[in-house]
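Biologist: I am new to this structure and would like a close look at a single part of it, the surroundings of the ligand. Could you take me through that part with care, and then place a few other residues for me?

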Amino acid sequence: MKYIIGNWKSNKDSREVTIWFETFAKLYKKNKTGKLNNLKVIICPSFVQLVQAKQLVISHNLPIKLGAQDVSPFANGPYTGEVSATQLKELVEYVVIGHSERRNNFQENGGLLVQKAAMAIKERLKPIFCIQDPKTTIPPGVSIAAYEPVWAIGTGTAETPENAAKIARQVKQNKLANLVVYGGSVTPENVCGFLAGSSIDGILAGGVSLDPVKFWQIIVNAASL
Ligand code: PGA
């Protein structure tokens, strides 16, 4: 099983979300081969788009799971602006935690991220915990890590599959996570390089996932392996 994860970041209004799912659904219905059974496809829209995305997944009958891009470190309560794991669990199965954009722009750090991961796990959400290098701490209980070197994010220069696989193996050998996906300038052209071996369990795509045609192409290429 390989994970194909799309992180939309802070993008798309509701009209664009509808168009994305309509376009994806057309491609899926025209081309589905059954091979998608070996893939777990996860889309992570903004919080405000999650209800709509869930409805669209259901109405188009798509094999897509949803994830959030962040979660509050607190339970429900007086935490203005936060979205708790309890609130999220109605809508998503996964949550991205510790993306470098949150670490760098919002000063999120180790202790806070441990709290976020603990809240997610308590509510049975599966954290996709981002690590920037092999030294990044992974909180206890996290099963999916995403290796995303900062220099590869949104730059068009991806990590080499060999290095990514080496880091994935290190994380798994040290029992820090069971699964490791790679993120950073993944494209339909380079995706197979990352997924070909057994070390890397999937990819996390940012920019490319905004385009349903390119995201579908990633899926088709991954399914061809
Ligand atoms: P990118 O982003 O695919 O646009 O490089 C990856 C990510 O930040 O998860």
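Modeller: What follows begins with the ligand and then turns to two residues of a helix and two residues in loops. Please keep in mind throughout that this is a predicted model.

The ligand is surrounded by 13 residues, and the closest of them are K9, H99, E148, G154 and G206. When the residues of this shell are divided by character, 4 are nonpolar, 7 are polar and 2 are charged. Three of the closest residues can be followed down to single atoms. In the case of K9, a polar atom of the side chain lies 2.7 Å from an oxygen atom of the ligand, and for E148 an N or O atom of the side chain is likewise found 2.7 Å from a ligand oxygen. With G154 the backbone takes part, for one of its N or O atoms lies 2.6 Å from an oxygen atom of the ligand. As for how far the ligand is covered, taken alone it exposes 280 Å², and the protein buries 95% of that area. The space that the ligand takes is the second largest pocket.

Away from the ligand, helix α8, which spans residues 212–223, contains Q217, and I218 lies in helix α8 as well. Q217 counts as partly exposed because its relative accessibility is 34%, which falls between the limits of 20% and 50%. I218, by contrast, has a relative accessibility of 0% and therefore counts as buried, the limit being under 20%. Each of the two can also be related to a residue elsewhere in the chain: the C-alpha atoms of Q217 and P188 are 5.7 Å apart, although 29 residues separate them along the chain, while I218 and I4, which are 214 residues apart in sequence, are separated by 8.1 Å from C-alpha to C-alpha.

The loops hold two residues with a backbone feature worth pointing out. Most residues other than glycine have a negative phi. R124, however, is not a glycine and has a positive phi, near 65°, and its place is in the loop between α5 (110–122) and β5 (126–131). K175, which is not a glycine either, has a positive phi of about 55°, and this residue is found in the loop between α6 (161–173) and β7 (179–183). R124 counts as exposed because its relative accessible area is 75%, the cut-off being over 50%, and K175 is exposed with a relative accessible area of 74%.

Conventions:
Residues are numbered from 1 along each chain as its sequence is written. This is a predicted model: local features need pLDDT of at least 70, side-chain atom pairs count only at pLDDT 80 or more; totals for chains, interfaces and linings use all residues. Side-chain values use heavy atoms; hydrogens and water are left out. A residue is near a molecule or strand if one of its heavy atoms lies within 4 Å of it. A polar contact is a pair of N or O atoms within 3.5 Å; within protein, one must be able to donate a hydrogen and the other to accept it, and residues adjacent in sequence count only if both atoms are side-chain atoms. Accessible areas come from the Shrake-Rupley method with a 1.4 Å probe; for residues, only the protein chains shown count as cover. On a 1 Å grid over the protein atoms alone, a cavity is a set of points where a 1.4 Å probe fits but cannot get out, and a pocket is an open set with protein on both sides within 12 Å along at least five of seven lines; lining residues have an atom within 4 Å of a point. A molecule sits in a cavity or pocket if more than half of its atoms lie within 2 Å of its grid points. Ala, Val, Leu, Ile, Met, Phe, Trp, Tyr, Cys and Pro count as nonpolar, Asp, Glu, Lys and Arg as charged, and the others, Gly among them, as polar. Helices (H or I, at least four residues) and strands (E, at least two) are DSSP runs, numbered from the N terminus. Buried means under 20% relative accessible area, exposed over 50%, partly exposed in between (1.4 Å probe, protein chains only).
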